[in-house]
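Here is a set of questions and answers for a reader new to this structure. The sequence and the model come first.

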Amino acid sequence: MIVYAVPSAGIFGGIKVAYQFVDLLQAEGVAACIATPDGKASGWFRSQAPVVARAWALDHLGDGDAIMFSLPHDHAELRRSGLPLFFHCQGTDPLIDPVLRDENVTVLTCWQQAHDYVLAAGGRAPTDVGISIAPTFYHRGELKDPHVATHMPRRGREIAEQLAEACPDLHLVPIDGSDEVEVAQMMRRAGVYLATAEGEWFGLPALEAMAAGCVVFSVPVLGGMEFLEDGINCVVGDVEHLERELATLFAPARAAHWQSLRHAAIATGLRYRREAQAVKVAAFAATLPERMRRPLGQPRV
Amino acid sequence: MSERIAIVIPSRGMNALLAVAIDHVQLALEQVADRASGTIIVCDNATDPPYVRADLPAIDVLLRYDEHRSFSEACNAGVAASACDLVLLLNNDVLLHRHALGEMLDLVHEPLMGIVGTRLLFPDGTIQHCGVVFGEHGPFHDRARRPTTIVPRAPRYLQCVTGAAQLIRRDVWEQLGGLCEDYPFGYEDADLCLRARQLGYRVACAQRVDSIHFESQTPGRVERDIPSRRVFLERWHGRWSIDAEELPYGA
């Protein structure tokens with residue numbers, strides 16, 4: 001069995017990605033669950049992942065089982081378990097370098113930039129297990145309000161407000177503290193998404209907004225540059241560039257341009273369907289020893 | 001090799017319905033006779049007057065409680081009285097479709113599978129059970145009271161299925177210690193499924209055919225549901241993942 005240790009049930013993108021991964025592992029016939037410090041489950045997105053308390057998991061895991069984690073701070077404690085470890089790399093902060101150098105840790109990556117980082121910093125090729133968008137985000141023909149721009153104010157609020165000034169007809173709708181279904185509903189009805197978190201590792205919300213049919217205006221990010229293509233499916237650039245582009249948002253001569261970006265964005269989102277990630281997870285699952293795929297307490301062959 | 005299934009039916013009163021339910025079990029067993037054999041165990045949960053063995057000629061074992069016990073106790077006693085590879089918990093007001101057991105047997109042999117349910121309808125043709133899903137406030141029957149035609153016929157993989165018709169691998173049952181007896185009546189099935197999934201087992205619901213479930217026919221059933229829900233929430237609230245795709249109908 002694989003137990004994925006996460007730090008809390010809070011609203012952080014990496015936690016949702018962990019649950020999605022456990023769901024996919026289960027679907028591929030790998031016994032897996034989430035472990036949180038207090039055994040509480042996240043309730044802000046849809047999943048079927050079983051949840052246990054971390055202490056309970058560490059007490060009950062045994063020969064043949066393994067632990068997965070994505071927060072480098074967990075490395076030392078989990079290493080003491082003596083069990084095989086999987087590091088699900090969801091960011092490329094140098095803090096992860098000691099993890100990458102640990103030969104007892106198998107490294108999994110979700111996007112190309114992380115793959116390249118692991119190769120450079122750890123000296124070995126990780127396994128690509130992908131990342132995907134929850135089905136609820138995909139645009140399903142809802143009427144959109146072109147004047148509504150959603151954004152996540154937790155990072156880059158000032159930039160969002162500055163951008164809004166460049167386009168006075170734009171109505172800023174902050175997304176914070178909402179569950180995934182509500183976030184998706186807001187994005188599916190909005191015309192624009194402002195991705196303002198500078199230095200973002202991947203920027204899953206921007207990708208979700210693309211699937212929801214938003215025109216995305218994004219500051220440059222790291223891993224997310226694999227799906228953000230300036231002038232093709234979104235607008236990417238420094239704040240000045242984004243301001244200039246936003247100033248033309250409602251110019252009649254550019255209407256077809258925005259429509260083109262919107263359609264390309266939806267097409268990009270389709271490349272990150274859960275089914276596409278499932279193919280990668282299946283390939284990873286096929287490499288696991290049979291005893292690691294079994295439920296807890298099952299005889300190990 | 002033929003598998004041995006213990007069909008455990010806890011029952012209180014409802015003699016005529018019980019007899020018809022057993023007839024349906026026999027029909028379902030005949031359909032899988034090439035790969036499974038069944039032992040039918042009825043746990044008479046303080047029926048007054050007690051069931052008479054001669055009135056239930058098709059069953060193999062008749063257990064008797066003189067005082068009303070919980071659903072869990074009755075089921076656990078029934079399973080303990082059997083030697084089997086699989087356990088089918090069945091309510092006395094479920095009329096199993098003759099092909100339901102076959103599909104459940106197919107599913108229970110999928111990798112990681114621990115517990116399998118099946119689609120159940122109310123007599124009016126609407127859905128009673130096609131899988132249990134979880135919202136913020138607790139589990140509920142997905143699409144309850146909606147037409148059976150709106151739900152696809154492919155198996156569904158869920159966190160929980162109803163104990164009204166629940167096929168469980170015996171080794172999983174033993175590993176879990178059977179149903180938790182803290183529940184007066186209700187939610188012990190959800191508890192069992194959540195515990196099984198914590199160990200890495202999967203739970204699925206067969207959808208191909210429609211069986212009938214009258215639901216909550218047993219006298220005193222509803223009154224015991226409230227304290228059972230309390231036990232369940234004290235134990236599990238905040239510990240399930242939310243997988244309800246939308247609000248329950250009528251909410």
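Buried means under 20% relative accessible area, exposed over 50%, and partly exposed in between, with a 1.4 Å probe and protein chains only. This is a predicted model, in which local features need pLDDT of at least 70 and side-chain atom pairs count only at pLDDT 80 or more, while totals for chains, interfaces and linings use all residues. Residues are numbered from 1 along each chain as its sequence is written, chains are lettered from A and ligands numbered from 1 in the order in which they are written, and side-chain values use heavy atoms, with hydrogens and water left out.

Q: Is Arg235(B) buried, partly exposed or exposed?
A: The class follows from the relative accessible area, with partly exposed between 20% and 50%. For Arg235(B) that area is 33%, so the residue is partly exposed.

Q: Which residue forms a salt bridge with Arg235(B), its closest N and O atoms being 2.7 Å apart?
A: A salt bridge is a side-chain nitrogen of Lys or Arg within 4 Å of a carboxyl oxygen of Asp or Glu. The closest N and O atoms of the pair are 2.7 Å apart, and the partner is Asp182(B). Arg235(B) lies in helix α6 (residues 221-236) of chain B and its partner in the loop between α4 (170-176) and α5 (188-198), so parts 53 residues apart in sequence are tied together. The partner, partly exposed at 47% relative accessibility, is Asp182(B).

Q: Which residues are linked with Asp182(B) in a network of salt bridges?
A: Side chains of opposite charge can pair when their charged atoms come close. The network joins Asp182(B) to Asp191(B), Arg195(B) and Arg235(B).

Q: How many residues apart in sequence are the parts that Lys16(A) and Glu180(A) tie together?
A: These two residues form a salt bridge with closest N and O atoms 3.1 Å apart, and both Lys16(A) and Glu180(A) are buried. Helices and strands here are DSSP runs numbered from the N terminus (helices H or I, at least four residues; strands E, at least two). Lys16(A) lies in helix α1 (residues 13-27) and Glu180(A) in helix α7 (residues 180-189) of chain A, so the parts tied together are apart in sequence by 164 residues.

Q: On which elements of chain A do the buried residues of α10(A) pack?
A: Among the buried residues of α10(A) are Trp258(A), Leu261(A) and Arg262(A). The buried residues cover an arc of only 120° around the axis, taken from the directions from the helix axis to the C-beta atoms, so they sit on the same side of α10(A). With contact meaning heavy atoms within 4.5 Å, they pack against β10 (190-195), α8 (204-211), β11 (215-218), β12 (235-236) and α9 (239-246).

Q: How many salt bridges are counted between chain B and chain A?
A: 21 residues of chain B are in contact with 27 residues of chain A. The salt-bridge count over all chains is 29. Between chain B and chain A the count is zero.

Q: Which residue follows Asp48(B) across a cis peptide bond?
A: Most peptide bonds are trans. The bond from Asp48(B) is cis, with omega near -5°, and leads to Pro49(B). In the loop between β2 (36-45) and β3 (61-65) of chain B lies this residue, Pro49(B).
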